[in-house]
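Subject: Structure handover

Hello,

Here is the structure I promised you. Please open it alongside this note; what I found follows below.

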Amino acid sequence: MASTLESVSTFVRELEVRPSHIGLLASIYIAYWLTYRLILWPKYLSPLRRLPTPPGSKPLVGHTLAVLGDKNGRTLREWVNQFGPTLRVLGPLSSDYLIVAKPEHLEKVLGKDAAHDYPKPVFVRKALEIMFGYGLVTVMGDEHRSMRKTMNPAFSMANLSAQTPFHYEAVDGLAGIFNDQIVASPDPSKGTVIQVYDWSM
């Protein structure tokens with residue numbers, strides 16, 4: 001063992017490290033890293049690689065430009081209609097994102113125990129903390145459970161029923177808008193399709 005250590009230390013002492021060696025090593029590392037992230041990971045190593053993936057992914061940005069350039073989520077809706085309710089979307093440098101659109105799966109991921117079983121990534125929690133502050137949306141684990149238990153009485157049936165009159169004016173106004181659009185359609189007896197989703201943007 002001692003002779004092995006001596007031979008290694010002798011080799012390291014005799015090794016001349018030049019600036020060109022450092023540049024070569026850095027180039028090899030960068031080439032390896034890019035090959036791994038852009039080719040090996042998405043095609044052979046990603047656990048999500050067998051899920052349907054929409055075409056049109058760019059090597060460095062993935063589907064990011066398509067998703068960010070979409071105002072009303074139409075692109076994602078088209079992908080879900082075409083590829084099914086569970087699909088993979090590629091982000092920058094071939095990072096994987098799982099899109100879940102089936103109600104049962106959404107309930108599992110966003111439901112009662114989601115903060116414990118499916119923790120948010122750190123960058124998402126930081127962004128949410130900037131927008132909403134430190135609270136129920138950003139905490140996890142036992143702290144989330146404790147906050148939720150404290151807030152539950154506010155959402156009891158008695159408290160929600162007491163708020164009902166506040167919603168009548170908004171609901172009546174929306175029903176009036178729908179009724180006006182149906183009456184203005186070519187054949188009111190058949191009704192009409194109202195693109196409510198477009199109102200959100």
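Let me start with the aromatic side chains. This is a predicted model, and it holds two aromatic pairs. In one of them, the ring centres of Y36 and W41 lie 6.3 Å apart and the planes meet at 45 degrees, so this pair is tilted. Tilted is the class left between stacked, under 30 degrees, and edge-to-face, over 60. Y36 and W41 also belong to one aromatic cluster with Y32. Y36 is partly exposed, at a relative accessible area of 25%.

Next, the overall layout. The protein chain has 201 residues, and 14% of them count as buried. Its secondary structure comes to ten helices and two strands. Read from the N terminus, the order is α-α-α-α-β-β-α-α-α-α-α-α.

Now the annotated segment. UniProt, in an unreviewed entry, places a "transmembrane region" at residues 20-40. In the model, residues 20-40 are 100% helix and 0% strand. The C-alpha atoms at the two ends of residues 20-40 are 28 Å apart. Helix α2 covers residues 19-45. I30 is found in α2. I30 is partly exposed, with a relative accessible area of 48%. I30 also helps to make a nonpolar surface patch of about 530 Å². The other members of the patch are Y29, Y32, W33 and L34. Y32 thus turns up in the patch and in the aromatic cluster.

On to the strands. β1 (residues 86-90) and β2 (residues 96-100) run antiparallel and are joined by five bridges. L90 stands opposite D96 in β2. Five residues lie between the strands of this hairpin.

The loop between β1 and β2 deserves a look at its backbone. Most residues other than glycine have a negative phi. Which phi does L93 have? The value is positive, near 55 degrees, and L93 is not a glycine. S94 is not a glycine either, and has a positive phi of about 60 degrees. L93 sits in the loop between β1 and β2, and so does S94. Are they buried or exposed? L93 counts as partly exposed, at 28% relative accessibility. S94 is buried, with a relative accessible area of 7%.

Last, the charged pairs. Side chains of opposite charge can pair when their charged atoms come close. The structure holds two salt bridges.

- D96 and R88: their side chains meet at 3.3 Å, N to O. D96 counts as buried, at 18% relative accessibility, because the cut-off for buried is under 20%. R88 is buried too, with a relative accessible area of 6%.
- D142 and R145: the closest N and O atoms are 3.2 Å apart. Both residues lie in helix α8 (residues 141-151). They are three residues apart, so about one helical turn separates them. D142 counts as exposed, at 61% relative accessibility. R145 is partly exposed, with a relative accessible area of 38%.

To recap the two bridges: D96 and R88 are buried, whereas D142 is exposed and R145 is partly exposed.

Best wishes

Notes:
Residues numbered from 1 in each chain as written. Predicted model: local features only at pLDDT ≥ 70, side-chain atom pairs only at ≥ 80, totals over all residues. Heavy atoms only, no water. UniProt positions renumbered as here; feature names shortened; annotations may be inferred. Helix = DSSP H or I, 4+ residues; strand = E, 2+ residues; numbered from the N terminus. Pairing = 2+ DSSP bridges. Phe/Tyr/Trp six-rings, centres within 6.5 Å; stacked < 30°, edge-to-face > 60°. Buried < 20%, exposed > 50% of the residue type's maximum accessible area, 1.4 Å probe, protein only. Salt bridge = Lys/Arg side-chain N within 4 Å of Asp/Glu carboxyl O. Patch = residues over 30% accessible without salt bridge, like charges linked within 9 Å, V, L, I, M, F, W, Y side chains within 5 Å. Areas by Shrake-Rupley, 256 points an atom, 1.4 Å probe, with all protein chains shown as cover.
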